[in-house]
Amino acid sequence: MDYIGIDIGSTASKVVVKGDHDIHFVLPTGWSSKETCQTIKDRLLEDSVDVLSDDSKVVATGYGRVAVDFADHVITEITCHARGGRELASGDCTIIDVGGQDTKVIQVSNGVVMDFLMNDKCSAGTGKFLEIMANRLGITLDELFDLAKQGKSIPISSLCTVFAESEVISYIGEGRAKEDIAAGVIESVVVKVAQLAQRQAL
């Protein structure tokens with residue numbers, strides 16, 4: 001028996017297979033969740049995992065979960081986070097999900113979602129924000145995090161991604177160290193996530 005979890009997010013899609021097989025991989029979602037779903041299905045078949053077999057159970061979640069037409073169950077990411085958080089924390093917990101297009105703060109109590117809050121009005125404080133800033137600095141996301149560890153944070157105060165990018169461009173023009181800019185970008189996200197968490201707690 002194979003248990004297959006498919007999370008088609010707005011930016012990346014994640015797949016985990018447990019049971020007769022032990023497989024996990026991540027790939028870009030791209031412009032079409034349906035095409036991504038087919039790519040996932042083809043890749044699993046290459047690894048001898050038949051998603052349509054009676055010996056496979058498939059659960060889909062994420063932004064593009066409805067595109068997984070062979071799923072046995074389709075579950076919201078909020079519910080999936082709660083279940084995973086409950087297992088990892090062995091009880092009540094608060095989950096923070098910095099996703100590609102939104103950030104979620106989820107309160108889990110007695111094994112169920114008690115409350116959650118999403119920042120989905122602007123990409124500031126999300127994975128997309130980090131991706132845009134990394135591109136502006138001419139580096140990968142991994143390099144952004146590595147550089148941030150070496151730098152001293154400089155303020156990026158704008159609450160808007162477009163204006164924050166302008167701040168980064170100004171810092172680049174001033175010749176500020178890339179490490180310091182990277183640290184400022186990461187701290188900016190941390191501050192926005194903390195503000196969201198505080199709002200959720202009120």
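Let's start with a detail: the charged end of R43 sits over the ring of F25, 3.9 Å from the ring's centre. Here a charge sits over a ring if NZ of Lys or CZ of Arg is within 6 Å of the ring centre and within 35 degrees of the ring normal. K192 offers another case, lying over the face of F129 at 5.7 Å from the ring centre. Aromatic pairs, on the other hand, number zero in the structure; rings of Phe, Tyr and Trp (its six-membered ring) would pair if their centres lay within 6.5 Å, with planes under 30 degrees apart counted as stacked, over 60 as edge-to-face and the rest as tilted.

A word on what you are looking at: this is a predicted model, where local features need pLDDT of at least 70 and side-chain atom pairs count only at pLDDT 80 or more, while totals for chains, interfaces and linings use all residues. Residues are numbered from 1 along each chain as its sequence is written, and side-chain values use heavy atoms, with hydrogens and water left out.

Now step back to the whole chain. The protein chain has six helices and eight strands, where helices (H or I, at least four residues) and strands (E, at least two) are DSSP runs numbered from the N terminus. Reading from the N terminus, the elements come in the order β-β-β-α-β-β-α-β-β-β-α-α-α-α. The C-alpha trace spans about 60 × 40 × 30 Å along its principal axes.

The strands build two open sheets, so let's take them in turn. One has five strands in the order β3-β2-β1-β4-β5, with mixed pairing; two strands pair if DSSP finds at least two bridges between them. Its edge strands are β3 and β5 (73–74), each of which pairs on one side only. Within this sheet, β1 (residues 2–8) and β2 (residues 12–19) are antiparallel over seven bridges, and a hairpin of three residues links β1 to β2. I8 stands opposite S13 in β2. Moving along, β2 is also antiparallel to β3 (residues 23–28), this time over six bridges, and a hairpin again joins β2 to β3 through three residues. Here A12 stands opposite P28 in β3. Helix α1 (residues 33–46) lies across β1, β2 and β3, running at about 150° to β3; axes are lines fitted to C-alpha atoms, for helices over the stretch in contact, and angles run from 0 to 180 degrees between N-to-C directions. Contact means heavy atoms within 4.5 Å.

The other sheet has three strands in the order β6-β7-β8, with antiparallel pairing. Because β6 (93–98) and β8 stand at the edges, each with a single partner strand, one side of each is left without a neighbour in the sheet. On average, neighbouring strands of this sheet are turned by 15° against each other, direction ignored. Seven bridges join β7 (residues 103–109) to β8 (residues 112–119). Across that pairing, Q107 stands opposite D115, and V108 stands opposite V113. The hairpin of β7 and β8 has two residues between the strands, and N110 in this hairpin takes a positive phi near 55°. Helix α2 (residues 77–89) lies across β6, β7 and β8, at about 130° to β6.

The helices that follow bring us to some helix packing. Helix α3 (residues 127–137) and helix α5 (residues 161–174) pack at an angle of about 25°, with their axes 10 Å apart. That makes α3 roughly parallel to α5, since angles under 35 degrees count as roughly parallel, over 145 as roughly antiparallel, 65 to 115 as roughly perpendicular and the rest as oblique. The crossing of α3 and α5 is right-handed, which is to say that the near helix is turned clockwise from the far one by less than a right angle. The contact is made by F129, I132, M133, R136 and L137 of α3 with T161, A164, E165, V168, I169 and I172 of α5.

Helix α3 also meets helix α4 (residues 141–150): their axes come within 9 Å and cross at roughly 80°. That makes α3 roughly perpendicular to α4. In this contact L130, E131, A134 and L137 of α3 meet L141, L144 and F145 of α4.
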